[in-house]
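Student: I would like to work through the architecture of this protein with you. May we begin by looking at the sequence and the structure?

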Amino acid sequence: MKFKIIIYFLLLSLFSISCLDDNVIPIDKIELDETATILRYIESVGDFANTDLAPALVYAQEIFSSNSQYYILDIREPQQYINGHIDGAINISAVQLFNKVDSLFNLDPVKKIVVVSQNGQASSYYTCLLRIAGFNNIYTLNYGMASWNIFFADEWLGALENKDQSYTNIEYPKKAFTHLPGIEFPAEIVSAKEKTIYRVKEIIKKGFENDINYSENISTGIANTHFLVCYGPARLYNEFAIGGKGHPENTVWFKDAPLFEFRSIYSLQTLPNDQPIIIYSGDGQLSACMVAYLTVLGYNVKTLLFGANQLFYLRLNSEPALTEYIFSINDIMNYPYVTGN
């Protein structure tokens, strides 16, 4: 671990030294310094994504019992909202999210804001982006509207699968350390905070679309073009039963709590900066949050929708250590909802 820490700070030092002589500054070194600046800033203000708080879940039971204590922002399509929503929820597009949260935060920085999506995947992504931007009172509804009422749960229930493919317990090694991705900014964006917020705003504008989420089967062939990551505990990566097979071939394991291996002092810079990355977690909500964090840093990364629930649901459901990651009928509260605008 000490070796990795030394490498990281040596790299940052090299970036700073390169700025002393205009004649020897490669373009990529300038871009790397921008990314390192953002990374150091994110870490200095709490490094939310790499803590036990991520992805800032709030549960349907709490919203139902304390509705007035939340600003509820429903980011689903207008027709989905009209078909049914939580009483008091405000329907806005994801593009409007930053400005709306900013105005509510300035109005009351203590009152909690909860972002609601259909399945909790998109809302986890946006919540993490907004947390990185400094809004510490924002949360995501666990499992989205699927946890509110069975009327909204079709997509989640349809995602519970066991893929018929080759899994293994081989622990594939991480890659060698490399430099951070490059990011460019307009000249007028100067401070680390300004750069981070600018980056978050630009990413939010792009939405939670195909370049961010991945829903296809993770086949053996996908590893030829993508770097596959399982983010979570050992039992999520390997099946401990005799002869068990725990993860898709060529998947690399990054640990979550307590190490949080996407931190700069651990294994962040073993992620490839020249290859698309797909990450899965237990239910997809944590991986969506990590994708938000890594996208801010310039990585080309996607989250596997619904996580391991669409890879090996039966295994999640049968191992006591993994049941916290499963979506089941017990997670659907069947609370009342309202329709129309």
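The exchange below treats the sheets, a helix and the salt bridges in turn.

Tutor: This is a predicted model, in which local features need pLDDT of at least 70, side-chain atom pairs count only at pLDDT 80 or more, and totals for chains, interfaces and linings use all residues. Residues are numbered from 1 along each chain as its sequence is written, and side-chain values use heavy atoms, with hydrogens and water left out.

Student: Which strands stand at the edges of the open sheet with the order 1-5-4-2-3?

Tutor: Strands are DSSP runs of E with at least two residues, helices are runs of H or I with at least four, and both are numbered from the N terminus. Two strands pair if DSSP finds at least two bridges between them. The sheet has 5 strands with parallel pairing. Each edge strand has a single partner, so one side of each lacks a neighbour in the sheet; these are strand 1 (57-58) and strand 3 (90-91).

Student: In this sheet, which residue of strand 4 is the bridge partner of Asp 74?

Tutor: Strand 2 (residues 70-74) and strand 4 (residues 112-116) are paired in the parallel sense, with 5 bridges. Within strand 4, the bridge partner of Asp 74 is Val 116.

Student: At what angle does helix 5 run to strand 2?

Tutor: Contact means heavy atoms within 4.5 Å. Axes are lines fitted to C-alpha atoms, for helices over the stretch in contact, and angles between N-to-C directions run from 0 to 180 degrees. Helix 5 (residues 97-107) lies across strand 2, strand 3, strand 4 and strand 5 (138-141), and its angle to strand 2 is about 170 degrees.

Student: Which strands are at the edges of the sheet with the order 7-12-11-8-10?

Tutor: This open sheet consists of 5 strands with parallel pairing. Each edge strand pairs on one side only, and the two are strand 7 (213-214) and strand 10 (251-254).

Student: Which residue stands opposite Cys 230 in strand 11?

Tutor: Strand 8 and strand 11 are joined in the parallel sense by 4 bridges. Strand 8 (residues 227-231) also pairs with strand 10 in the parallel sense over 4 bridges. Opposite Cys 230, in strand 11, stands Tyr 280.

Student: What is the handedness of the crossover from strand 11 to strand 12?

Tutor: Strand 11 and strand 12 run parallel and are joined by 3 bridges; in strand 12, Thr 303 is the bridge partner of Ile 279. A crossover is right-handed if, with the strands pointing away from the viewer, the path from the first strand over the helix to the second runs clockwise. The chain passes from strand 11 through helix 10 to strand 12, and this β-α-β crossover is right-handed.

Student: How many residues of helix 10 are buried?

Tutor: Helix 10 (residues 285-296) lies across strand 8, strand 11 (277-280) and strand 12 (301-304). Buried means under 20% relative accessible area, exposed over 50% and partly exposed in between (1.4 Å probe, protein chains only). Helix 10 is mostly covered, and its buried residues number 12 of 12.

Student: How far apart are the end C-alpha atoms of helix 10?

Tutor: The expected span of a helix is 1.5 Å times one less than its number of residues. For the 12 residues of helix 10 this gives 16 Å, which agrees with end C-alpha atoms that are 17 Å apart.

Student: How many places apart in sequence are the parts tied together by Glu 34 and Lys 195?

Tutor: A salt bridge is a side-chain nitrogen of Lys or Arg within 4 Å of a carboxyl oxygen of Asp or Glu. Glu 34 and Lys 195 form one, with the closest N and O atoms 2.4 Å apart. Glu 34 lies in helix 2 (residues 27-44) and Lys 195 in helix 8 (residues 192-206), so the parts they tie together are separated in sequence by 161 residues.

Student: Is Lys 195 buried or exposed?

Tutor: Lys 195 touches Glu 34, Ile 38, Phe 185, Ile 189 and Val 190, not counting residues up to four places away in sequence. Its relative accessible area is 9%, so Lys 195 counts as buried.

Student: Which residues are linked in a network of salt bridges with Lys 174?

Tutor: The side chains of Glu 261 and Lys 255 meet in a salt bridge at 3.9 Å, N to O. Glu 261 is buried at 6% relative accessibility, whereas Lys 255 is partly exposed at 25%. The residues in the network with Lys 174 are Lys 255 and Glu 261.
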